[in-house]
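This report describes the strand arrangement of a single model, the helix that accompanies it, and one residue selected for closer inspection. The sequence and structure are shown first.

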Amino acid sequence: MRRWRVEGDGFAIAEFSFDFRVGGGEVSRFSYAGGPEVRLDAQFQDIVPDQRIVFSYRMAIGPQPMSATLTTVELTPSGNGTRLTYTEQGAFFDGVDSAKGREEGTRGLLEALGAELQKSK
């Protein structure tokens, strides 16, 4: 998770913890290119191996809350691989973030996940 989510050129990681179980969660604190700290606090609500992951998370930039979301990741067999369906319902606060910005950011993260998975083949 850490490699494709918060590491890379320009990232400074202040904290990263990850506990993948129902009731567990993630805490990430990082900055990019000397910018303000971004914090993500997540909690896993439901995990069905090889089928579904449901989690909620809150993001802030510095002291300013950005968003709160509920996310569902569904995994289904597809040919020789797996189809990933990603659904996110979000509340975005005070113009700090937007659905469009989150979609772009999530697309980049999913592309990074794909690249990471290609390395492990």
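## Pairing of strands 1 and 2

In this predicted model, strand 1 and strand 2 (residues 25-32) run antiparallel and are joined by 7 bridges. Within this pairing, Phe-18 has Glu-26 of strand 2 as its bridge partner. In general, the strands of a sheet pair through backbone hydrogen bonds, in either a parallel or an antiparallel manner.

## The sheet as a whole

The sheet is open and comprises 6 strands in the order 1-2-3-4-5-6, with antiparallel pairing. Its edges are formed by strand 1 (11-18) and strand 6 (81-92), each of which pairs on one side only. From one strand to the next, the twist averages 20°.

Helix 2 (residues 99-119) packs on the sheet, where it touches strand 4 (52-61), strand 5 (64-78) and strand 6. The direction of helix 2 makes about 150° with that of strand 6.

## Environment of Phe-55

Phe-55 belongs to strand 4. Is this residue buried or exposed? Phe-55 has a relative accessibility of 15%; because the cut-off for a buried residue is under 20%, Phe-55 counts as buried.

Leaving aside residues up to four places away in sequence, Phe-55 touches Gln-43, Phe-44, Gln-45, Thr-69, Leu-70, Thr-71, Val-73 and Tyr-86. One of these residues, Phe-44, lies 11 residues from Phe-55 along the chain, and a distance of 4.3 Å separates the C-alpha atoms of Phe-55 and Phe-44.

How values were computed. Residues are numbered from 1 along each chain as its sequence is written. This is a predicted model: local features need pLDDT of at least 70, side-chain atom pairs count only at pLDDT 80 or more; totals for chains, interfaces and linings use all residues. Side-chain values use heavy atoms; hydrogens and water are left out. Two strands pair if DSSP finds at least two bridges between them. Helices (H or I, at least four residues) and strands (E, at least two) are DSSP runs, numbered from the N terminus. Axes are lines fitted to C-alpha atoms, for helices over the stretch in contact, and angles run from 0 to 180 degrees between N-to-C directions. Contact means heavy atoms within 4.5 Å. Buried means under 20% relative accessible area, exposed over 50%, partly exposed in between (1.4 Å probe, protein chains only).
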